[in-house]
Amino acid sequence: MAGLTAAALAAVGFLAYQASAGAPADLRSRTKPVSTASPSPATAPAAPGSAGKPAPDSLALPPRSGSGERVVYALGDRRVWLVDDGGKVLRTFPVMPSAVSPTPGTYAVTSRTGKVRGSDGVQIEHVVRFAVVDGVTVGFSAAVDGSMSSPDPSRKTGGVRMARADGDALWTVATVNSTVVVVP
């Protein structure tokens, strides 16, 4: 089992290197690796009729997530993809969902703010707002202190948090009126 884990880690490291080497120079020069993937747990026995089918790539762009240049936010995967106008994934990264989530659908970025204090009291930057749910504005942001803690479920907050480097990348792509596609 330890050998399989080591092999999986080596493969993830190699793929991360390949992804970073193929990134545009402006992203590669100021960011960290594309993602911090960890090996998945041991695979359960295949369901009847599915023998030999590989597991879907957990970092792959979700199907039916729109077309053209967009930001894709997968609620269940807690992950965001930045996609260029040709459908190529420029970057993907994990996020910490807010206490309030938008319903799946297509949205447009409504406003942006460079730095502000979040509704949870944390100083945040690169705020990109795209939805309102029951009076709560939902948007992406990065905590200036780098934290990505779970939101307090008793408070209605709409900040989807990410690492600062990921916030920098999203900020350059998600301008006002940019498309944000939310998938389950």
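This is the transcript of a short presentation on the predicted model of a single protein chain.

Good morning. I shall begin with the overall layout, continue with the two sheets and the helix that packs on them, and close with the cores and two individual residues.

The model before you is predicted. Its protein chain contains three helices and nine strands. Along the sequence, these elements follow the pattern α-α-β-β-β-β-β-β-β-β-α-β. The chain has 184 residues, of which 33% are buried. If we take the contacts between residues at least 6 apart in sequence, 52% of them join residues at least 24 apart. The chain exposes about 10300 Å², and carbon and sulfur atoms account for 57% of that area.

Let me turn to the sheet of five strands. This sheet is open, its pairing is mixed, and its strands are arranged in the order β3-β2-β1-β9-β4. At its edges stand β3, residues 89-94, and β4, residues 105-108, each of which pairs on one side only. On average, neighbouring strands here are turned by 20° against each other, with direction ignored.

Within this sheet, β2, which covers residues 79-83, pairs with β3 in the antiparallel sense over five bridges. One position to locate on the screen is W81, whose bridge partner in β3 is T92. P94 also belongs to strand β3. The C-alpha atoms of P94 and W81 are 9.1 Å apart in space, while the two residues are 13 apart in sequence. Is P94 buried, partly exposed or exposed? Its relative accessible area is 28%, and burial requires a value under 20% while exposure requires one over 50%; P94 is therefore partly exposed.

The other sheet has four strands. It too is described as open with mixed pairing, and its order is β5-β6-β7-β8. Its edges are formed by β5, residues 111-117, and by β8; each has a single partner strand, so one side of each has no neighbour in the sheet. Neighbouring strands in this sheet are turned by 30° against each other on average, again ignoring direction.

The pairing of β7 deserves some detail. With β6, strand β7 pairs in the antiparallel sense over seven bridges. Among the positions involved, V128 has F140 of β7 as its bridge partner, and A131 stands opposite V138 in β7. The hairpin of β6 and β7 has two residues between the strands, and D134 takes a positive phi near 50° in this hairpin. With β8, by contrast, strand β7 pairs in the parallel sense, over four bridges. Here F140 stands opposite V160 in β8. Why may β7 be called largely enclosed by the rest of the structure? The reason is that seven of its eight residues are buried.

Helix α3, residues 164-173, is the next element to consider. It lies across β1, β2 and β3, and runs at about 140° to β3. Helix α3 also packs on the four-stranded sheet, where it touches β5, β6, β7 and β8, and its direction makes about 60° with that of β6.

I come now to the interior. Which residues have the most contacts inside the largest nonpolar core? They are V71, Y73, V80, L82, F130, F140 and L170, in a core of 24 residues. At least two residues of this core come from each of β1, β2, β6, β7, β8, α3 and β9. A second, separate core has six residues, including W81, V83, V181 and V183.

V71 offers a useful point from which to look around. Setting aside residues up to four places away in sequence, V71 touches V80, W81, L82, F140, L170, A174, T179, V180 and V181.

Finally, I would draw attention to S178, in the loop between α3 and β9. Is S178 buried or exposed? Its relative accessibility is 17%, and the limit for burial is under 20%, so S178 counts as buried. The side chain of S178 reaches the backbone oxygen of T175 at 2.8 Å. Apart from neighbours within four places in sequence, S178 is in contact with Y107, A108, V109 and V173.

To recapitulate, the predicted model has one open sheet of five strands and one of four, and α3 touches β5, β6, β7 and β8 of the latter. Thank you for your attention.

Methods: Residues numbered from 1 in each chain as written. Predicted model: local features only at pLDDT ≥ 70, side-chain atom pairs only at ≥ 80, totals over all residues. Heavy atoms only, no water. Pairing = 2+ DSSP bridges. Axes fitted to C-alpha atoms, helices over the stretch in contact; angles between N-to-C directions. Contact = heavy atoms within 4.5 Å. Core = buried A, V, L, I, M, F, W, Y, C linked by side-chain atoms within 4.5 Å. Buried < 20%, exposed > 50% of the residue type's maximum accessible area, 1.4 Å probe, protein only. Areas by Shrake-Rupley, 256 points an atom, 1.4 Å probe, with all protein chains shown as cover. Polar contact = N/O pair within 3.5 Å; in protein donor to acceptor, adjacent residues only side chain to side chain.
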